[in-house]
Amino acid sequence: EIFGSAYAQYIKLQADFRYYHNYDEATVLATRIFLGFGLPYGNSQHLPNIKQFFSGGSSSLRGFSSRLVGPGTFNEQFQQGSHTFVEMLGDMKLEANAELRMKIYQFIHAAVFADAGNIWLYRDNPDFPGGTFSSRFYQELAVDAGLGLRFDFSILILRLDLGIPLRKPWYPEGTRWQFNNIRLGDAAWRGDNLFLNLAIGYPF
């Protein structure tokens, strides 16, 4: 304790691997793998809120709501029919991204991308069933894909990415891939599954 108050005890490690392959001056394949691990101990059951990992959003899984992927197979809206959490956080994170960037005309660039990943808890938490990391983690990855536009004004890059979820890990096994459920002509489906991300700069 410090001045009578317990302090957080944890170890946090993370690694960000990136590779860029230039096909020519106008075409680049950009890839990234992010690994994050947090070990809470002593006073802590989990990492402090501001030190936990999140997934989803404009620089993460672009076909999912920002900071609302996971942990694991947990999804409050799907499992409980409620939406009380403003963000979902975890002690571990795995994410992979790939993006083919192409110059269309002068300052206008386009991209085709795919993302996969999730977050997990280090310890069981009854409030988040299915959220704990296990050997089945690879079966709990969320996957999305989409198209993007980048406007390179030299002093800044304005980015628009439109993503859709291709795999929802909170669905029952055998139904997580969503290829057969894509209904672009359905307004309700578009409202739930099309995510337009507006951001400054490249995601990685």
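In the predicted model, Asp 91 is in contact with a set of residues remote from it in sequence, namely Gly 36, Phe 37, Gly 38, His 46, Leu 47, Gln 52, Phe 53, Trp 120, Leu 121, Tyr 122 and Arg 123, its neighbours within four places being left aside. Asp 91 itself is located in the loop that runs between helix H1 (76-80) and strand E3 (92-105). With Gln 52, one of these partners, a polar contact is formed from side chain to side chain at 3.3 Å.

Asp 91 is buried, yet no salt bridge is present. The nearest side chain of opposite charge belongs to Arg 123, at 6.7 Å. A salt bridge requires a side-chain nitrogen of Lys or Arg within 4 Å of a carboxyl oxygen of Asp or Glu, so the pair formed by Asp 91 and Arg 123, at 6.7 Å, does not qualify under the 4 Å limit.

Arg 123 also recurs in the surroundings of Pro 40, a residue of strand E2 (27-40). Pro 40 and Arg 123 are separated by 83 residues in sequence, whereas their C-alpha atoms are 9.0 Å apart in space. Pro 40 is buried, its relative accessible area being 0%. Beyond residues up to four places away in sequence, Pro 40 touches Gln 9, Tyr 10, Gln 45, His 46, Leu 47, Tyr 122 and Arg 123.

Tyr 122, which is in contact with Asp 91 and is touched by Pro 40, is placed in the loop between strand E4 (108-120) and strand E5 (142-152). Its relative accessible area of 33% makes Tyr 122 partly exposed. Together with Ile 11, Leu 13, Phe 37 and Tyr 41, Tyr 122 makes up a nonpolar surface patch of about 450 Å². Membership of such a patch calls for over 30% relative accessible area, and Tyr 122 is therefore eligible on this criterion at 33%. Phe 37, another member of the patch, is likewise a contact of Asp 91.

Backbone features were also identified in loops. The peptide bond leading from Gly 70 to Pro 71 is cis, with omega near 0°, and Pro 71 is situated in the loop between E2 and H1. Arg 67 lies in the loop between E2 and H1 as well. Although not a glycine, Arg 67 has a positive phi of about 65°; this residue is partly exposed, at a relative accessible area of 31%. A positive phi, near 50°, is also found for Gln 106, a residue other than glycine. Gln 106 occupies the loop between E3 and E4 and is partly exposed, with 48% relative accessibility.

Conventions:
Residues numbered from 1 in each chain as written. Predicted model: local features only at pLDDT ≥ 70, side-chain atom pairs only at ≥ 80, totals over all residues. Heavy atoms only, no water. Helix = DSSP H or I, 4+ residues; strand = E, 2+ residues; numbered from the N terminus. Buried < 20%, exposed > 50% of the residue type's maximum accessible area, 1.4 Å probe, protein only. Lys, Arg positive; Asp, Glu negative; His and termini not counted. Polar contact = N/O pair within 3.5 Å; in protein donor to acceptor, adjacent residues only side chain to side chain. Contact = heavy atoms within 4.5 Å. Patch = residues over 30% accessible without salt bridge, like charges linked within 9 Å, V, L, I, M, F, W, Y side chains within 5 Å. Areas by Shrake-Rupley, 256 points an atom, 1.4 Å probe, with all protein chains shown as cover.
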